[in-house]
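Okay, thanks everyone, I'll keep this short. Let me put the structure up, and then we'll walk through it.

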Amino acid sequence: MRTSTAAALTATLVATGLTPLLLTAPASAAVAKHYDDFNGDGYRDLAYSHYYSGISGSDGWKGGAVTIVYGDANGLDTAHTQVVHQDSPGIPGTGEDDDQFGESIASADLNKDGYADLIVGNPMEKVGSVEYRGTVTVVWGSRSGLSGGTSLAPKSGAGSYFGRDLATGDFNGDGSPDLAVIGGLETWLYRGGFTKAGGTGTVSKIDKAGQGWYSSGLAAGKVNGDGRTDLVILGEQFVDNKPVPRIWFLKGASGGLTSGASKTYISAPWAAAIGDFDKDGYGDIAVGLPDNNDGKGIVSVWRGGSAGPSGSMTYNQASSGVSGNPEADDNFGYAVSAADTNGDGYADLAVGVPHEDVDGKEDQGGVHLFRGGSGGLTGTRSTWIPQTVLGPADSHASFGFAVRLRDLTRDGKADLTVGAAQDGLLMRGTSTTPTATGAVHLPEYGGSFLD
């Protein structure tokens, strides 16, 4: 999950046309093993958005696009890429300059055909005469990759910035992926199954009725150990006519989702990731709060348990063992992602700090990697990965404005993908820390990563 902040970055973007796709062995008629394997070949693929086009579509498209780099035995095949936008064949709608196709992206095998599908939010889309109605498009996976799309119909009340954020998971435990969507400042749960004709299961609104709740972001994962996917909603709640920043935990249940505890902060939660940092069988919720304390930023970890989350720890650049010092507008916690990078069975946490000044260069940025272990995360097991792993850079590189941890090489160690203002980098996981040796630069990079 990734949301925009007041300091959101505008990347310099270049789009290419479609690269011919290689055929792979047929996938089985069952849910894809990996929620991000679009061509069913057993390798994870990487999708990332760049939702600002060049002037009047000079990049070959208008209003945003999503680039897919297909996986292979070496991790990613940068010669095997695809760019999807609203002017691609079979994709509903028409690209327009003020659209943001790809502002949010998620994936799952929604129709259970063995190929993961890409879900793309375009919250700025004008539909008919309605400005900013927003759309959500499912782009279907196949043996040859992503092909064709279907619009998801919004329910009454969801038609305002529909698709602002997305999250997938089997929330009711029936074996069919479900989809959570933000629209109209509310969260909507679309139950599976999904069809290419636009069919879905039942749709319900997730809201604190009459309590002034407004949703802004989503994160999905398994927190209480019952096997179902749980949902965390980032947002704010009006209390005594004042907005209070909060996150809200909802437990997966046979009927969909049931309301759980909320946690209050003094600044807006902008990003969240779920991982079992202490290997106790329960997912912990890491929340990035980059605007906290004049933009110095913190990460709060809400610990998982059988009854849901309770108890928390806070981390920042003043924590013992953490490199650097907290400074105004560093935005520690701008982006977060969780997975096991060194194969020890504990989830680790990547924390983006895109506005960190490095060696006198303003906003060069970097990433702190906190390794999990007994007792959870600790600063003494953290590593600083600066922008300089990419080589010399000037100011405003903003390395770390997007991060993602996933095992793309199938070696049991999650690889670290980092976004910068004009570049993206994939670093392989190792038994210690992800390495820049043999790092892969991402073609046509310029936006947020798939969750």
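I'll start with the overall picture and then go to one group of aromatic rings.

So, first thing to keep in mind: this is a predicted model. In terms of secondary structure, we have 27 strands and 1 helix.

How about overall dimensions? If you put a box around the C-alpha atoms along the principal axes, you get roughly 55 × 50 × 40 Å. The radius of gyration is 20 Å, and a compact globule with 451 residues would come out near 22 Å, so the protein agrees with that expectation.

What about the inside? Of the 451 residues, 57% are buried. And if you take the contacts with a separation of 6 or more, 54% of them are between residues 24 or more positions apart.

Then the outside. The protein exposes about 16,300 Å², and 48% of that comes from carbon and sulfur atoms. For those of you thinking about electrostatics, there are 31 positive and 52 negative charges, and the mean positions of the two sets sit 7 Å apart.

Okay, on to the aromatics. How many aromatic pairs does the structure hold? There are 9 of them. Let me pick out Tyr48 and Phe449, which make an edge-to-face pair, with 6.3 Å centre to centre and 85° between the planes. Tyr48 is in strand β1, residues 46–50, while Phe449 is in the segment after β27, which itself covers 435–441, so this pair ties together parts that are 401 residues apart in sequence.

Are those two buried or exposed? Tyr48 is buried, with a relative accessible area of 0%. Phe449 is buried as well, at 6%.

Now a second pair, Phe401 with Tyr445. Here the ring centres are 6.4 Å apart and the planes are at 50°, so this one counts as tilted. Where do these rings come from in the chain? Phe401 is in the loop between β23 (382–386) and β24 (402–406), and Tyr445 is in the segment after β27, so the pair ties together parts 44 residues apart in sequence. Again, both Phe401 and Tyr445 are buried.

And here's how the two pairs fit together: Tyr48, Phe401, Tyr445 and Phe449 form one aromatic cluster. So if you're looking at the model on your own screen, find Tyr48 in strand β1 and Phe449 in the segment after β27, then look for Phe401 and Tyr445, which belong to that cluster too.

That's what I had, thanks.

Notes: Residues are numbered from 1 along each chain as its sequence is written. This is a predicted model: local features need pLDDT of at least 70, side-chain atom pairs count only at pLDDT 80 or more; totals for chains, interfaces and linings use all residues. Side-chain values use heavy atoms; hydrogens and water are left out. Helices (H or I, at least four residues) and strands (E, at least two) are DSSP runs, numbered from the N terminus. The radius of gyration is taken over C-alpha atoms; the globule rule is 2.2 Å times the number of residues to the power 0.38. Buried means under 20% relative accessible area, exposed over 50%, partly exposed in between (1.4 Å probe, protein chains only). Contact means heavy atoms within 4.5 Å. Accessible areas come from the Shrake-Rupley method with a 1.4 Å probe; for residues, only the protein chains shown count as cover. Lys and Arg count as positive and Asp and Glu as negative; His and the chain ends are not counted. The place of a charge is taken as NZ of Lys, CZ of Arg, CG of Asp or CD of Glu. Rings of Phe, Tyr and Trp (its six-membered ring) pair if their centres lie within 6.5 Å; planes under 30 degrees apart count as stacked, over 60 as edge-to-face and the rest as tilted.
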